[in-house]
Amino acid sequence: MTYLKFKADQLFTGSELLSGEQVLITKAGGEIVDTVHQSEAGEDILYSAGILSPGFINCHCHLELSHMKHLIEEKTGLVDFVVNVVSKRNFPDEEILEAIQNAEDEMLTAGIVAIGDICNNLSTLPQKMKRRMTYYNFIEASGWVPKVAMSRFEASNFFYETFSNHFKETSMAPHAAYSVSPALWQLIVPFFENKVTTLHNQETPHEDEFFLKGAGPLMRMYELMNIDNSFHRASEKSSLDTVYPYLSAASSLILVHNTFTTERDITRVKNKAGKKHLVSFCLCVNANLYIEDALPPVELLVQNDCAIVLGTDSLASNHTLNLLAEMKTIRKNFPRVSLLQMLTWATINGAKALQIDNTYGSFSKGKKPGVVLIEGLDENNLGAGSSCKRLI
């Protein structure tokens, strides 16, 4: 049997950084055999300068929007961004499919091995059927007007059943607190049981304003999109506090963006989470800067010992689908966050959130997590010139 032996300046196992004396041994197909001291590894060791890491897990992506790269102006705020996505996303099928393939190529090269991907249609299915990487498909449900709840649910359920025929890693997911009516919530809640689901959460300060007071700039979004909002009454609670009861049946919940999440929200969610209900906070910092020109409270999430994962969002709201680029932005703006923490978020935490940690996230024996090399470190940390590439 053919074995591959990898050695670098450091080796990140999924939980700890080991010295350069350690050698990672895999089978030719990528299955982890062992991690041993170089004195026990024998010959034919492949040495690289940098850090070896398990493959990265992108917990939040919209692959279907890859054709919209550079199409939407930066820093418009969420309301105008959403309106632009809805009004500008229609392109010829061949352009959409080509962009999807190119985006997947980019992620593969950048060491991403698994993705939590938002789906509003079937456009990504042909590429995913090639099974070049693992996808957890989140079939997005949205519809703010109660009278359209059933028709919106039936459309989402069709996509859910189609994806489920090919991928067991498929679930229903609400878009956001401000885009799912109580009637639609009731229809999709049964799909969360013992599944992973996800929610765009508190991406703008106007989201909480809308639920606390029934007012604010989100009203303009409904007007621009000709959506009847007359039924809505303020809950006088934050958006997350308002909708969290619908989400509590999920075995794993990924809250995405969290740009304006408060400590009170974090505490309330953590108090309700448990062994059978993992709550992860997904950071998509480059998209937050692209849309709202704001950053999430990363240090607050760390201080509260939250399960943090990373995502890229879409090429409509980002310049690249590269998790190392997300880590570099976090490093630049939150220098107290360590490389060890960020690598944990990008690997084992993401694998646990998507419930694929039996295969991905760490160099445990028997797993096939992929092997990534991080190069160009600046004093053992990420710098502007740092890059990564996939070895397996």
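The following legends describe close-up views of a predicted model.

**View 1. The open sheet β6-β7-β8-β9 and its pairing.** Four strands form an open sheet in the order β6-β7-β8-β9, and their pairing is parallel. The edges are occupied by β6 (56–61) and β9 (170–174), each of which pairs on one side only. On average, neighbouring strands of this sheet are turned by 20° against each other, direction ignored. Between β7 (residues 112–119) and β8 (residues 134–141), which run parallel, there are 6 bridges. One residue pair can be named here: C119 has I139 in β8 as its bridge partner. Strands of a sheet pair through backbone hydrogen bonds, in either a parallel or an antiparallel arrangement.

**View 2. Helix α2 against the sheet.** Helix α2, comprising residues 93–109, lies across β6, β7 and β8. The helix runs at about 145° to β7.

**View 3. The salt bridge between R89 and E64.** The whole structure contains 11 salt bridges, one of which joins R89 to E64 with the closest N and O atoms 3.0 Å apart. R89 belongs to the loop between α1 (78–88) and α2, and E64 to the loop between β6 and α1, so the pair ties together parts that are 25 residues apart in sequence. E64 counts as buried because its relative accessibility is 2%, under the 20% limit for that class.

**View 4. The salt bridge between R220 and D80.** In this pair the closest N and O atoms of R220 and D80 are 2.8 Å apart. Because R220 lies in helix α7 (residues 218–224) and D80 in helix α1, the salt bridge ties together parts that are 140 residues apart in sequence. R220, at 36% relative accessibility, counts as partly exposed. D80 is also partly exposed, with a relative accessible area of 27%.

**View 5. The buried salt bridge between K128 and D117, and a salt-bridge network.** K128 and D117 form a salt bridge whose closest N and O atoms are 2.7 Å apart. The pair links distant parts of the chain, 11 residues apart: K128 is in helix α3 (residues 125–128) and D117 in strand β7. K128 counts as buried at 0% relative accessibility, and D117 counts as buried at 0% relative accessibility. Elsewhere, E104, D105 and R132 are joined into one network by salt bridges that share partners.

**View 6. Strand β10 and its parallel partner β11.** Of the 6 residues of strand β10 (residues 196–201), 6 are buried, so the strand is largely enclosed by the rest of the structure. Both faces are covered, with V196, T198 and H200 buried on one side and T197, L199 and N201 buried on the other. In a regular strand, side chains alternate between the two faces of the sheet. β10 and β11 run parallel and are joined by 6 bridges. Within this pairing, L199 has L255 of β11 as its bridge partner.

**View 7. Two residues other than glycine with positive phi.** H257 has a phi near 90°, a positive value in a residue other than glycine. H257 is located in strand β11 (residues 252–257) and counts as buried at 0% relative accessibility. For N226, phi is near 55°, again a positive value in a residue other than glycine. N226 is found in the loop between α7 and α8 (239–247) and is exposed, with a relative accessible area of 74%.

**View 8. Stacked rings of W144 and Y222 within an aromatic cluster.** The structure holds 11 aromatic pairs. In one of these pairs, the ring centres of W144 and Y222 are 5.8 Å apart and the ring planes are at 10°, so the pair is stacked. Since W144 is in the loop between β8 and α4 (149–164) and Y222 in helix α7, the contact ties together parts that are 78 residues apart in sequence. W144 counts as buried at 6% relative accessibility, and Y222 counts as buried at 2%. Ring pairs link W144 and Y222 with F210, F211 and F231 into a cluster.

**View 9. The N-terminal end and buried residues of helix α12.** N322 caps the N-terminal end of α12, with a side-chain oxygen 2.8 Å from the backbone nitrogen of L324. In helix α12 (residues 323–333), the buried residues are L323, L324, E326, M327, T329 and I330.

Conventions:
Residues are numbered from 1 along each chain as its sequence is written. This is a predicted model: local features need pLDDT of at least 70, side-chain atom pairs count only at pLDDT 80 or more; totals for chains, interfaces and linings use all residues. Side-chain values use heavy atoms; hydrogens and water are left out. Two strands pair if DSSP finds at least two bridges between them. Axes are lines fitted to C-alpha atoms, for helices over the stretch in contact, and angles run from 0 to 180 degrees between N-to-C directions. Contact means heavy atoms within 4.5 Å. Buried means under 20% relative accessible area, exposed over 50%, partly exposed in between (1.4 Å probe, protein chains only). A polar contact is a pair of N or O atoms within 3.5 Å; within protein, one must be able to donate a hydrogen and the other to accept it, and residues adjacent in sequence count only if both atoms are side-chain atoms. A salt bridge is a side-chain nitrogen of Lys or Arg within 4 Å of a carboxyl oxygen of Asp or Glu. Rings of Phe, Tyr and Trp (its six-membered ring) pair if their centres lie within 6.5 Å; planes under 30 degrees apart count as stacked, over 60 as edge-to-face and the rest as tilted.
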